[in-house]
Amino acid sequence: MPESHESPQRKKRELPTKKNTSVRNLVWAIGLNIIVVAIAAVVIVGLGRSDRDASSQAASTVNVGESAARASEALGFRAADAEPGGWSVRDAKMSTAEPPYWEVRYTSPSGALETLLQSRADYPALAPRIRGEAAKSGYFEIEGTECANLEIRANSNDNDAENTKGASGLVCSAGETTLIIYGAGSEKEHAALMKETLDRVKK
């Protein structure tokens, strides 16, 4: 008689039971919760640190002298590198878009935001760079340089209008460039920063 060969039976795939499915779902849920909490912690801590440290590190990380030297080469005029005592530099940047300009933002001794704009362009071309609507008034001279006061009114559609409230400034023609200083600081602070800026530009 021929030998009978028993073919091995295929193992039946184990069907998921209610118990297995519940455990698997629980593990997935816990894992996903841990991932979400970890991501949220990283985002919250990261953003908090950035917001908190941005203002305190601005003065220490910006070297206005070096930045102005690089801007001078690119823009073709001597970019002002004023840094009067009691003032701190928040940031400095240049733009080669029309009209090309150099901009430095300061914290004044009173804690107000003051902005310096400098360009070869004349005042009407540079004025749109000012946050708010600026109007000239009262011409005078600072150390032999022709200047005018600026009255600045916040734009109604400006989301950051609070920073422009009560802002004023000065505009002076210094050789080949136009200098604008504006912000929420006092007239005395505008004048102090402008005098220092003129001294640096005329050197």
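Which exposure class, buried, partly exposed or exposed, does Glu176 fall into? In this predicted model, Glu176 is partly exposed, at a relative accessible area of 46%. The report begins with the salt bridge of this residue and then turns to the strands, the cores and the surface.

## The Arg120–Glu176 salt bridge

Glu176 forms a salt bridge with Arg120, and the closest N and O atoms of the two are 3.0 Å apart. The pair links distant parts of the chain, with the two positions 56 residues apart in numbering: Arg120 belongs to the loop between β3 (113-119) and α3 (123-126), and Glu176 to the loop between β6 and β7. Arg120 is partly exposed, with a relative accessible area of 45%, and Glu176 is partly exposed as well, at 46%.

## Further salt bridges

The total for the model is six salt bridges. One of them joins the side chains of Arg78 and Asp81, at 3.8 Å from N to O. Arg78 is partly exposed, with a relative accessible area of 30%, whereas Asp81 has 15% and counts as buried, because the limit for that class is under 20%. Through salt bridges with shared partners, Arg78, Asp81 and Arg200 are joined into one network.

Another salt bridge is formed by Lys93 and Glu103, whose closest N and O atoms are 3.8 Å apart. Lys93 lies in strand β1 (residues 88-95) and Glu103 in strand β2 (residues 101-107), 10 residues apart. Lys93 is partly exposed, at a relative accessible area of 41%, while Glu103 is buried, at 11%.

## Strand pairing around β6

Strand β6 (residues 168-174) is mostly covered, with five of its seven residues buried. Strand β5 (residues 145-153) runs antiparallel to β6, and five bridges join the two. Asn149 has Leu170 of β6 as its bridge partner.

Strand β6 also pairs with strand β7 (residues 177-183), again in the antiparallel sense, over seven bridges. In this pairing, Leu170 has Ile181 of β7 as its bridge partner, and Ser173 stands opposite Thr178 in β7. The two strands form a hairpin with two residues between them. In the turn, Gly175 has a positive phi of about 60 degrees. The loop between β6 and β7 also holds Glu176, the partner of Arg120 described above.

## Enclosure of strand β7

Where does the cover of β7 lie, on one face or on both? Both faces are covered. Thr177, Leu179, Ile181 and Gly183 are buried on one side, and Thr178, Ile180 and Tyr182 are buried on the other. Strand β7 is largely enclosed by the rest of the structure, because seven of its seven residues are buried.

Besides β6, strand β3 pairs with β7: six bridges connect them in the antiparallel sense. Within this pairing, Thr115 stands opposite Tyr182 in β7.

## Nonpolar cores

In soluble globular proteins, nonpolar side chains tend to be buried together. The largest nonpolar core of this model has 26 residues. Those with the most contacts inside it are Trp102, Val104, Tyr106, Leu116, Ile142, Leu179 and Met194. The elements that contribute two or more residues to this core are α2 (64-75), β2, β6, β7 and α4 (187-202).

Val104 illustrates the surroundings of a core residue. With neighbours within four places in sequence set aside, Val104 is in contact with Val64, Ala80, Val89, Asp91, Ala92, Glu114, Thr115 and Leu116. Of these, Leu116 is also listed among the residues with the most contacts inside the core. Apart from the largest core lies another core of 13 residues, among them Leu117, Ala127, Ile130 and Ala148.

## Nonpolar surface patch

Which residues make the nonpolar surface patch of about 460 Å²? The patch is made by Trp28, Leu32, Ile35 and Ile39. Trp28 lies in helix α1 (residues 18-61). With a relative accessible area of 58%, Trp28 is exposed, because that class begins over 50%.

How values were computed:
Residues are numbered from 1 along each chain as its sequence is written. This is a predicted model: local features need pLDDT of at least 70, side-chain atom pairs count only at pLDDT 80 or more; totals for chains, interfaces and linings use all residues. Side-chain values use heavy atoms; hydrogens and water are left out. Buried means under 20% relative accessible area, exposed over 50%, partly exposed in between (1.4 Å probe, protein chains only). Helices (H or I, at least four residues) and strands (E, at least two) are DSSP runs, numbered from the N terminus. Two strands pair if DSSP finds at least two bridges between them. A salt bridge is a side-chain nitrogen of Lys or Arg within 4 Å of a carboxyl oxygen of Asp or Glu. Patches are made of residues with over 30% relative accessible area and no salt bridge: like charges are joined within 9 Å, nonpolar side chains (Val, Leu, Ile, Met, Phe, Trp, Tyr) within 5 Å. Accessible areas come from the Shrake-Rupley method with a 1.4 Å probe; for residues, only the protein chains shown count as cover. A nonpolar core is a set of buried Ala, Val, Leu, Ile, Met, Phe, Trp, Tyr and Cys residues joined through side-chain atoms within 4.5 Å. Contact means heavy atoms within 4.5 Å.
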